[in-house]
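Student: Could you take me on a close look at the enclosed and open spaces in this model? I would like one connected account of what surrounds them.

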Amino acid sequence: MGETALHDLSFALLDWYDRHARAMPWRVPPADRKAGVAPDPYAIWLSEVMLQQTTVAAVRDYHRKFTALWPSVRDLAAADDAAVMAAWAGLGYYARARNLLKCARVVVAEHGGTFPRNHATLLTLPGIGPYTAAAIGAIAFDAPETVVDGNVERVMARMFDIHTPLPAAKPELTGRARALTPQHRAGDYAQAVMDLGATICTPRNPACGICPWHAPCAARIAGTATDLPRKTPKKKTPTRYGIAYVARRADGAVLLETRPESGLLGGMLGWPCSDWADDPAPAPPINADWIAVEAQARHTFTHFHLHLQIMLAQVPLDAQPDRGHFIAKQDFSPAALPTAMRKVYDLVADLMQSD
């Protein structure tokens, strides 16, 4: 496909985006962008970090909440760590929240509160990898960066009828995406391809009839669109087991611990737990008469399923835990717990209240 044909494809997609762009809390609509309204790099960065391994539908309200609580990167950098982690609860992948704070503080301390435009400099910031740096560069600063997420991979695989399975196909798909990225309106173009994948070139039942790239799409012509992109079969997800200890004091306070900074749910408040393994060793955080709850809390992380046996205990006012600390009843908010820990609470909430 020649340079003129590639330019025509990009132009056709931008024309489609001008009419069909999705509304996002962090997005500047194409008409406003043409009128000179610049995106807020802080809002773009925040959205990209939140969107890593999370859906747009889930991120919208979180983004609004964060920008209401911390309207600028300086506000976020000065925020209390626990408050940010609590606001993040439910988005998962909590290392992102820790890096979010680290990045905000580096931007303020080393860059005067302004996100750098340079791609290489963006890559030095905590939590920003090649994809996020490219997305910030394109969407916030209109730099001709190649932005490739799952939607873009699917669009490229179908547009050029590429049958190499992912992840092996990534270099070829990125090369195709790079060739189509225009020098002008690169930010709108990056968002347009992602919108195309999310709304038209969907994983199942793509709406080829209304696609702006309908005519030249090689997979549509070959009748292979619904088979692409191909993926290497995943290995079976293992299951790990653990024990969660829920202790309530006579005054209604509950025993929680802050998990280690490194590892899953790092820095988050949660119920004291045993290790998560094939055969976890009991590790009660306090001496008590523990009662096993019949139901198990089940949660799936990226690389494994977790089954948590729940142990419940009522302890006296003078109880001294070996680890963790008591949170007063009026200060305890189940919503601030990460999802896996909130599932534990949901299973024992009635039992706790009935004691």
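Tutor: Gladly! By class, the residues around the largest cavity are 11 nonpolar, one polar and two charged. This is a predicted model, and the largest cavity in it holds about 130 Å³ of space. Its lining has 14 residues, and those nearest the centre are Arg158, Cys201, Cys208, Cys211 and Cys217. With three residues, α10 is the element that gives the most to this lining.

Let us move on to the other cavity. Searching the whole structure turns up two cavities of 30 Å³ or more, and the second largest has about 60 Å³ of space. Among the residues lining the second largest cavity are Glu145, Thr146, Val147, Val152 and Met156; the lining also includes Ala177, Thr181, Tyr189, Ala190 and Val193. Sorted by class, the lining of this second cavity has seven nonpolar, two polar and one charged residues. Both α10 and α12 supply at least two residues here, and α12 gives the most, with three.

Now for the open space. The largest pocket has a volume of about 1,300 Å³. It is lined by 36 residues, and closest to its centre are Gln53, Asp149, Gly150, Asn151 and Glu153. Two or more lining residues come from each of α3 (41-51), α9 (130-141), α10 (150-159) and α12 (186-199). Here α10 gives the most, with five residues. The pocket lining divides into 16 nonpolar, 10 polar and 10 charged residues.

One of those pocket elements, α3, deserves a pause. Of its 11 residues, 10 are buried, including Tyr42, Trp45, Leu46, Glu48 and Met50. The buried residues of α3 pack against α4 (56-69), α5 (73-77), α6 (81-88), α7 (95-111) and α9.

For the wider setting, UniProt lists residues 50-199 as "domain: HhH-GPD", in an unreviewed entry. Over that range the chain is 65% helix and 0% strand, and the C-alpha atoms at its ends are 20 Å apart.

Finally, a look at a strand elsewhere in the chain. Strand β1 (residues 239-249) has eight of its 11 residues buried, so it is largely enclosed by the rest of the structure. β1 pairs with strand β5 (residues 305-315) in the parallel sense over 11 bridges, and within this pairing Ala244 stands opposite Ile310 in β5.

Note on methods: Residues numbered from 1 in each chain as written. Predicted model: local features only at pLDDT ≥ 70, side-chain atom pairs only at ≥ 80, totals over all residues. Heavy atoms only, no water. 1 Å grid on protein atoms, 1.4 Å probe; cavity = no way out; pocket = protein on both sides within 12 Å on 5 of 7 lines; lining within 4 Å. Points joined across faces, edges and corners; volume = space filled by probe spheres on them. Helix = DSSP H or I, 4+ residues; strand = E, 2+ residues; numbered from the N terminus. Nonpolar A, V, L, I, M, F, W, Y, C, P; charged D, E, K, R; others polar. Buried < 20%, exposed > 50% of the residue type's maximum accessible area, 1.4 Å probe, protein only. Pairing = 2+ DSSP bridges. UniProt positions renumbered as here; feature names shortened; annotations may be inferred. Contact = heavy atoms within 4.5 Å.
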